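Thanks for coming. I will take one structure and walk through it from one end, so please have the sequence and the model open.

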Amino acid sequence: MLFRSVAAFRSDDIDPGTTWMLNDAVRFLFLYTWPPFSAWAVAIAVPIFRAEPQRAVFPLSVGYLNIWMAIFLFPAGLIAFFKTGAFAYNGAIAFYFVAAVFFGWMVAMTAALLASIRAEERGLAGRAGAGR
């Protein structure tokens, strides 16, 4: 947002190419967010794979889901090389496919987290009942 504000502040005093470049910088900062989200997914997957089976919070399938999500976000990185087509910033693969993958991942991770919480609550309730 800062670059867009700078571009609009003195748009009549500067070269239109500079304004255009700042606008492109804003687009890239807004749309080129796949690296941290991929790293986030891998950071979730690694502890899932390293957990001892009897102490696992999530099943291995959730770890594989996170690895696949990190891989499927890669087409978003292609917006730097394409101005039109499926890999452009507004293309079917680089934007819509990646958005669908991300939001599908959010729904799946929410369901997995809620299932894990319910399983832990059942385990705690079972231990509390056994202690009486």
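**A walk through the model**

I begin with F9, which sits in helix α1, a helix made of residues 2-9. Before going on, please keep in mind that this is a predicted model. F9 has a relative accessible area of 63%, so it is exposed, the cut-off for that being over 50%. In sequence F9 and T19 are ten residues apart, and their C-alpha atoms are 9.8 Å apart in space.

Next, the inside. How many residues does the largest nonpolar core have? The answer is 16 residues, and V62, M69 and W105 have the most contacts inside this core. At least two of its residues come from each of three helices: α3 (34-50), α4 (60-72) and α5 (92-130). The largest share is that of α5, with six residues.

Let me stay with M69 for a moment. Which residues does M69 contact, leaving aside neighbours within four places in sequence? They are F37, A41, V101 and W105.

F37 brings me to the aromatic rings. The structure holds twelve aromatic pairs. I will go through two of them. In general, a pair of rings is described by how far apart the centres are and by the angle of the planes.

The first one I picked is Y32 with W34. The ring centres of Y32 and W34 are 6.3 Å apart and the planes are at 70°, and because planes over 60 degrees apart count as edge-to-face, that is what this pair is. Are the two residues buried or exposed, or something in between? Y32 has a relative accessible area of 31%, so it is partly exposed. W34 has a relative accessibility of 19% and counts as buried, because the limit is under 20%.

The other pair is F37 with F102. This pair is also edge-to-face, with 5.1 Å from centre to centre and 70° between the planes. Why does the pair tie together parts that are 65 residues apart in sequence? Because F37 lies in helix α3 and F102 lies in helix α5. F37 has 29% relative accessibility and so counts as partly exposed. F102, with 17% relative accessibility, counts as buried. Both of these residues also belong to a cluster in which ring pairs link F37, W40, F102, F103 and W105.

Back to Y32 and W34, by way of a glycine. Where is G77? G77 is placed in the loop between α4 and α5. G77 is buried, with a relative accessible area of 5%. Leaving aside neighbours within four places in sequence, G77 is in contact with Y32 and W34. Along the chain G77 and L31 are 46 residues apart, while their C-alpha atoms are separated by 9.0 Å.

One more buried residue is S116, in helix α5. Its relative accessible area is 12%, so S116 is buried. Not counting residues up to four places away in sequence, S116 touches V57 and F58.

Last, the surface. Which residues make the nonpolar surface patch of about 750 Å²? They are F49, L60, Y64, W68, I71, F72, I93 and F97. Helices α4 and α5 each supply at least two residues of the patch, and the largest share, five residues, comes from α4. As one example from the patch, Y64 lies in helix α4. Y64 has a relative accessible area of 49%, which means that Y64 is partly exposed, since exposed would need over 50%.

To put two of these parts side by side: α5 gives the largest share of the core, and α4 gives the largest share of the nonpolar patch. That is where I stop.

Methods
Residues are numbered from 1 along each chain as its sequence is written. This is a predicted model: local features need pLDDT of at least 70, side-chain atom pairs count only at pLDDT 80 or more; totals for chains, interfaces and linings use all residues. Side-chain values use heavy atoms; hydrogens and water are left out. A nonpolar core is a set of buried Ala, Val, Leu, Ile, Met, Phe, Trp, Tyr and Cys residues joined through side-chain atoms within 4.5 Å. Buried means under 20% relative accessible area, exposed over 50%, partly exposed in between (1.4 Å probe, protein chains only). Helices (H or I, at least four residues) and strands (E, at least two) are DSSP runs, numbered from the N terminus. Contact means heavy atoms within 4.5 Å. Rings of Phe, Tyr and Trp (its six-membered ring) pair if their centres lie within 6.5 Å; planes under 30 degrees apart count as stacked, over 60 as edge-to-face and the rest as tilted. Patches are made of residues with over 30% relative accessible area and no salt bridge: like charges are joined within 9 Å, nonpolar side chains (Val, Leu, Ile, Met, Phe, Trp, Tyr) within 5 Å. Accessible areas come from the Shrake-Rupley method with a 1.4 Å probe; for residues, only the protein chains shown count as cover. A salt bridge is a side-chain nitrogen of Lys or Arg within 4 Å of a carboxyl oxygen of Asp or Glu.
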